[in-house]
Amino acid sequence: MAVFTSVSLDDVQAWIAQFPLGDAVALKGIASGIENSNFFLTTERDGQRTDHVLTIFENLGFEQLPFYLQLMRHLASRGVLVPAPVATHAGELCVPLHGKPAAIVSKLEGSSQMAPGPVHCAAVGAMLAKMHLAGQDFPLHQPNLRGIAWWHEATPAVLPHLSELETRLLRSEIHYQEAFHGSDLHKRLPHGPVHADLFRNNVMFDGERLTGFFDFYFAGCDTWLFDVAVTVNDWCVDLDTGVLDEARVRAMLDAYHAVRPFTADEQAGWQCSLRAAALRFWLSRLYDLHRPREAEILTPHDPTHFERILRERVAHPAPRLFA
Ligand SMILES: Nc1ncnc2c1ncn2[C@@H]1O[C@H](COP(=O)(O)OP(=O)(O)OP(=O)(O)O)[C@@H](O)[C@H]1O
Ligand SMILES: N[C@@H](CCO)C(=O)O
């Protein structure tokens, strides 16, 4: 279980009094996830039980959290399906628990769709476009903390662990992405708050009905296209080969385009963005693998999956964003 900080129901009983939620009646650690400690928390007020998710942030500080939690609040208030953070009586969205920042958000119904078809990809594409548009007037700003500046920090840390072939790929892709990120084209790409980690395991479905996006703790301001690329690279690939599945790609991109039409600049930057999105997760998985943190049980994600995807995106032209 990826619970880095142990919390008992007793610990939560006193702590919960600062929220307008009544009593804590059940607490259960959540096994999946590698970044934070998460728990399902049931509260009872006036005989009514409600389910929430309690997150203890292991790597994020109090200064970064308002961006994520306020963003979720902003999006939820505009009809984007995301968990709503619960404020304390004093109006705080984030308060310490065992000395670490912690927050309570509403629990989404359903479960993750780990074998999505075109219908699921279309739902994700449409909601992603809606989310980008709804984020346009969000007043807080934070860069994507796993963007190119971080790639420059992480690269020297992972290079000693790589084979010669991997080293060559990493160095050349960083070089290629420096040119793309410094280009006028990149400056012209529409940007704003993005999720930046919208994988299959960060979206809930009830059958074919999308019930919400969650895990916003890698969100930041970046190009909308990067967000689309991250999402396509996870939802629309054959997991064994990293090859894009045409039907799922088309369903996702067409549904996105119908809500927020892509621009010609985005078409021009699409392949570079797919490569950037593959590089980002190859690098973070290498970083996590070679610099593991302590957890009660922790299974690191496999970096070679994204190395394969990166090689695929370099080797093959990207599908058209729109007709
Ligand atoms: N708002 C929510 N509603 C319902 N379930 C949730 C919610 N938030 C988290 N979960 C559950 O908790 C699990 C872990 O959460 P999450 O993915 O946010 O963890 P994490 O440590 O940030 O993970 P990672 O960064 O590896 O995706 C999810 O797979 C999901 O089952
Ligand atoms: N989605 C990331 C984990 C961090 O949220 C990955 O699969 O590498």
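This report describes the two domains of the chain and the surroundings of ligand 2 in a predicted model.

**Domain arrangement**

The chain is divided into two parts: domain 1 spans residues 9-106, and domain 2 spans residues 118-315. Taken over C-alpha atoms, the centres of domain 1 and domain 2 are separated by 26 Å. To the contact between them, domain 1 contributes 24 residues and domain 2 contributes 28 residues.

The size of an interface is often expressed as the accessible area that is lost when the parts come together. By this account, domain 1 and domain 2 bury about 2300 Å² between them, and 69% of that area lies on carbon and sulfur atoms. Polar interactions are also found here: six residue pairs, both members at pLDDT 80 or more, are in polar contact between domain 1 and domain 2. One salt bridge is found across the interface of domain 1 and domain 2. R78 and D137 form a salt bridge in which the closest N and O atoms are 3.0 Å apart.

**Surroundings of ligand 2**

Which residues surround ligand 2? The shell is made up of D197, F199, F218, F281, R285 and H301. By character, the residues of this shell comprise three nonpolar, one polar and two charged. On its own, ligand 2 has 260 Å² of accessible area, of which the protein covers 91%.

Two side chains of the shell, D197 and R285, place polar atoms at short listed distances from oxygen atoms of ligand 2. The table gives these distances together with that of the salt bridge described above.

| Pair | Atoms | Distance |
|---|---|---|
| D197 and ligand 2 | side-chain N or O atom; oxygen atom of ligand 2 | 2.5 Å |
| R285 and ligand 2 | polar side-chain atom; oxygen atom of ligand 2 | 2.6 Å |
| R78 and D137 | closest N and O atoms | 3.0 Å |

Key. Residues are numbered from 1 along each chain as its sequence is written. Chains are lettered from A and ligands numbered from 1 in the order in which they are written. This is a predicted model: local features need pLDDT of at least 70, side-chain atom pairs count only at pLDDT 80 or more; totals for chains, interfaces and linings use all residues. Side-chain values use heavy atoms; hydrogens and water are left out. A residue is near a molecule or strand if one of its heavy atoms lies within 4 Å of it. A polar contact is a pair of N or O atoms within 3.5 Å; within protein, one must be able to donate a hydrogen and the other to accept it, and residues adjacent in sequence count only if both atoms are side-chain atoms. Accessible areas come from the Shrake-Rupley method with a 1.4 Å probe; for residues, only the protein chains shown count as cover. Ala, Val, Leu, Ile, Met, Phe, Trp, Tyr, Cys and Pro count as nonpolar, Asp, Glu, Lys and Arg as charged, and the others, Gly among them, as polar. Domain bounds come from an automatic or database domain assignment. Contact means heavy atoms within 4.5 Å. Buried area is the accessible area (1.4 Å probe) that two parts lose on being put together, summed over both. A salt bridge is a side-chain nitrogen of Lys or Arg within 4 Å of a carboxyl oxygen of Asp or Glu.
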